[in-house]
Amino acid sequence: MDVIDWSNLSFGYMKTDYNVRCHYRDGKWSDPELETSEYINLHMAATCLHYGQEVFEGLKAFRGKDGKIRIFRMRENALRLQSSCRGIMMAELPVERFEEMVLLAVKKNERFVPPYQSGASLYIRPLLIGTSAQVGVKPAKEYTFLIFVTPVGPYFKEGFKPTPMVIMREYDRAAPLGTGTYKVGGNYAASLRSGEKAHEMGYSAVLYLDAREKKYIDECGPANFFGIRDNTYITPKSESILPSITNKSLMQLAEEIGMKVERRPVLEEELATFEEAGACGTAAVISPILRIDDLSENRSYHFSKDGKAGPICEKLYHKLRAIQYGDEPDKYGWVTVVE
Ligand code: PLP
Ligand code: COI
């Protein structure tokens, strides 16, 4: 194996030794199998290819100072995967099976878990797809679930340095009563055009407004949004955003450090009152926001005067990382130590 430059990893794909798979046929999930091929042999009429029957997850494993590997909140990801499956009529994977396969995928690829203090982690990507042939628009009868892992660095190349984001009112990511709360591929397909346009203009991500009224903040392309004002952590409640496990954790940590927490509709105008703002997610961790430009309205909101992350973002970031790497006690039972 080539030597991996752990400290300079980006958020990308790297081949590891094994992936883990199981299949749903005749109403039953098969036992997990280890696989070394990176490819899937798929029927050309599979529903995942034509009708987007595809859901995925994202979680991470971290190596601590003690050399142990810790997986963050995997049960939450198992439950969200089930919710996404219900959302687009796919066979649900039992929580215990999800957990067993995550552990297997991590253990079998242990040498790819980045060392403590490299700043990197092992990204775990579960994927569930409809595999049986169907030409009418109907759910598949057969499914494949697989998990691959890959070592990753920061999602935004700037890491913890604040970056500019953009509101582009001519694009929506998810419809009000659509699939925004599920982690389905179609939502990401819908964000590609706007995302690429934003990158070309120098923004790290798009911040979407609610599609119904274009009045409220929804979320970023790959992460939830939060703002800080008067010792309060404020984050949108919306019918079209993904329930982020990182955000849920940060709300709890914010309370722990004596902040108030508000999860409610957030008007775009409120951005002008926030002292700090950030994007949060498994890949994004906390990515502080420098500035948000609302292009068609010719408005900008600034959150950092000196180009540095604000004190609350900084505090929450370190607290979350400390739990994930095992530097602080896991008092909420968020961490599974790989034995
Ligand atoms: N929102 C979107 C659209 C995402 O893709 C993600 C990433 O998973 C998140 C939010 C953050 O969710 P989590 O913190 O569970 O990773
Ligand atoms: C994650 O944070 O796990 C995500 O899925 C975000 C993005 C890579 C799609």
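Mentor: A polar contact is a pair of N or O atoms within 3.5 Å; inside the protein, one atom must be able to donate a hydrogen and the other to accept it. Keep in mind that this model is predicted.

Trainee: What makes the link between Q82 and L93 a polar contact?

Mentor: The side chain of Q82 reaches the backbone oxygen of L93 at 2.8 Å. The limit is 3.5 Å, so the pair qualifies. Q82 itself belongs to helix α2, residues 74-87.

Trainee: Why is Q82 called buried?

Mentor: Its relative accessibility is 13%. Buried means under 20%, so Q82 counts as buried.

Trainee: Where does T131 lie, and is T131 buried or exposed?

Mentor: T131 is in the loop between β7 (121-130) and β8 (143-152). Its relative accessibility is 14%, under the 20% cut-off, so T131 is buried. The side chain of T131 also reaches the backbone nitrogen of Y143, at 3.5 Å. Since the rule says within 3.5 Å, that pair is listed as a polar contact.

Trainee: Which value of phi does V285 have, and why is V285 called buried?

Mentor: Phi of V285 is near 55 degrees, which is positive in a residue other than glycine. V285 is in strand β16, residues 285-294. Its relative accessibility is 8%, so under the 20% cut-off V285 is buried.

Trainee: Where is K214, and what is its phi?

Mentor: K214 sits in the loop between β10 (205-209) and β11 (217-220). Phi of K214 is near 55 degrees, a positive value in a residue that is not glycine.

Trainee: Turning to the ligands, how do you know that K183 makes a polar contact with ligand 1?

Mentor: A polar side-chain atom of K183 is 2.8 Å from an oxygen atom of ligand 1. That is within 3.5 Å, so it is a polar contact. T246 offers a polar side-chain atom at 2.5 Å from a ligand 1 oxygen, and a polar backbone atom of I245 is 2.8 Å from one. On its own, ligand 1 exposes 390 Å², and the protein buries 97% of that.

Trainee: How many residues surround ligand 1, and which elements supply at least two of them?

Mentor: There are 16, the closest being Y188, E219, S244, T246 and T282. Helix α6 (245-256) and strand β15 (276-281) each supply at least two. By class, the shell has six nonpolar, six polar and four charged residues. The space that ligand 1 takes is the largest pocket.

Trainee: What makes the Y123 pair with ligand 2 a polar contact?

Mentor: An N or O atom in the side chain of Y123 is 2.6 Å from an oxygen atom of ligand 2. The distance is within 3.5 Å, so the pair counts. The side chain of K183 has an N or O atom 2.7 Å from an oxygen of ligand 2, and a polar backbone atom of A283 lies at 2.8 Å from one. Of the 280 Å² of accessible area that ligand 2 has on its own, the protein covers 89%.

Trainee: Which classes of residue form the shell around ligand 2?

Mentor: Seven are nonpolar, two polar and two charged. The residues around ligand 2 include F11, F56, G58, R125 and P222. Glycine is counted with the polar class, so G58 is one of the polar residues. The space that ligand 2 takes is the largest pocket.

Terms used. Residues numbered from 1 in each chain as written. Chains lettered and ligands numbered in written order. Predicted model: local features only at pLDDT ≥ 70, side-chain atom pairs only at ≥ 80, totals over all residues. Heavy atoms only, no water. Near = heavy atom within 4 Å. Areas by Shrake-Rupley, 256 points an atom, 1.4 Å probe, with all protein chains shown as cover. 1 Å grid on protein atoms, 1.4 Å probe; cavity = no way out; pocket = protein on both sides within 12 Å on 5 of 7 lines; lining within 4 Å. Sits in = over half its atoms within 2 Å of the grid points. Helix = DSSP H or I, 4+ residues; strand = E, 2+ residues; numbered from the N terminus. Buried < 20%, exposed > 50% of the residue type's maximum accessible area, 1.4 Å probe, protein only.
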